[in-house]
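Keep the model in view while you read. The walk below moves from aromatic rings to cores, and then to a pocket.

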Amino acid sequence: MNFIGATLLFVLEDEELAFWIFYAMMNDLDMKHMYLPGVPELHMKNYQMSHLIRQKLPKLFNHLKKIQMTTDYFTSKWIMTVFANSLPFDAIPTIFDNLL
C-alpha cells in the first residue's frame with residue numbers, strides 16, 4: 001500500500017485529496033481485500049492474470065512454463081502496487097486515472 005500512497009501524494013501534492021482517493025480505492029474499488037492477512041484477493045487476481053497471459057500471450061506463458069516459472073512471480077508486485085513500482089513514473093498517473 002505504501003507505493004500507492006506515496007504515488008498519490010507525489011502526483012497530487014495534496015495530502016487530504018491523496019487520502020480520500022486512497023480511501024476510495026480501498027473501499028469503492030474494493031481493493032482492501034488484497035491487503036488483508038493471507039491476501040485472499042491477491043490469489044484470485046494472480047489466477048485471473050495468469051489466464052489472461054495464457055490467452056493473450058501464449059508464447060510467453062509457454063516459455064515461463066518451460067522454465068518452471070509462474071506468472072505470480074511478477075504479477076503479484078504489479079497487482080499489489082497497481083503498477084506503481086513497475087512502470088515509468090510518467091505512466092503511473094494515467095494508470096491511476098483509468099482505474100478511478
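Phenylalanine 10 counts as exposed, because its relative accessibility is 56%. The cut-offs are simple: buried means under 20% relative accessible area, exposed means over 50%, and partly exposed lies in between, with a 1.4 Å probe and protein chains only. The model is predicted, so local features need pLDDT of at least 70 and side-chain atom pairs count only at pLDDT 80 or more, while totals for chains, interfaces and linings use all residues. Residues are numbered from 1 along each chain as its sequence is written, and side-chain values use heavy atoms, with hydrogens and water left out.

Now look at the rings. Rings of Phe, Tyr and Trp (its six-membered ring) pair if their centres lie within 6.5 Å; planes under 30 degrees apart are stacked, over 60 edge-to-face, and the rest tilted. By this rule there are six aromatic pairs. In one of them, phenylalanine 10 meets phenylalanine 89 edge-to-face, at 4.9 Å centre to centre and 80° between the planes. This pair links distant parts of the chain. Phenylalanine 10 sits in helix α1, and phenylalanine 89 in the loop between α5 and α6, 79 residues apart. Helices here are DSSP runs (H or I, at least four residues), numbered from the N terminus. Phenylalanine 89 is partly exposed, because its relative accessible area is 36%.

Another pair is tilted: phenylalanine 74 and tryptophan 78, with 5.0 Å centre to centre and 55° between the planes. What separates these two along helix α5? They are four residues apart, so about one helical turn lies between them. Tryptophan 78 is partly exposed, with a relative accessible area of 27%. Elsewhere, Phe19, Trp20 and Tyr23 form one aromatic cluster.

Go back to helix α1, residues 2-12, and find threonine 7. Is threonine 7 buried or exposed? Its relative accessible area is 7%, so threonine 7 is buried. Contact means heavy atoms within 4.5 Å. Not counting residues up to four places away in sequence, threonine 7 touches Ala84, Phe89, Ile92 and Phe96. Phe89 is also the ring partner of phenylalanine 10.

The loop that holds phenylalanine 89 also holds alanine 91. Alanine 91 is partly exposed, at 28% relative accessible area. Its C-alpha atom is 27 Å from that of methionine 69, and the two are 22 residues apart along the chain.

Next, the cores. In soluble globular proteins, nonpolar side chains tend to be buried together. A nonpolar core is a set of buried Ala, Val, Leu, Ile, Met, Phe, Trp, Tyr and Cys residues joined through side-chain atoms within 4.5 Å. The largest such core has 14 residues. Those that touch the most other members are Ile4, Leu8, Met25, Met31, Tyr35, Val82 and Phe96. Helices α1, α2 (15-27) and α6 each supply at least two residues. The biggest contribution, four residues, is from α2.

Valine 82 deserves a look. Apart from residues up to four places away in sequence, valine 82 touches Ile4, Met25, Met31, Ile95, Phe96 and Leu99. A second, separate core has five residues, among them Met49, Phe61, Leu64 and Phe74.

Helix α5 comes next. Which residues of α5 are buried? They are Phe74, Thr75, Ile79 and Thr81. Their cover includes α1, α3 and α4 (58-66). Valine 82 follows α5, and its phi is positive, near 50°.

Last comes the largest pocket, with a volume of about 320 Å³. On a 1 Å grid over the protein atoms alone, a pocket is an open set of points where a 1.4 Å probe fits, with protein on both sides within 12 Å along at least five of seven lines; lining residues have an atom within 4 Å of a point. Grid points are joined across faces, edges and corners, and the volume is the space filled by probe spheres set on the points. Of the 16 lining residues, Met31, Met34, Lys45, Ile79 and Leu99 are closest to the centre. Helices α3 (40-56), α5 (72-81) and α6 (92-99) each give two or more residues to the lining. The largest share, five residues, comes from α3. The lining divides into eleven nonpolar, two polar and three charged residues. Here Ala, Val, Leu, Ile, Met, Phe, Trp, Tyr, Cys and Pro count as nonpolar, Asp, Glu, Lys and Arg as charged, and the others, Gly among them, as polar.
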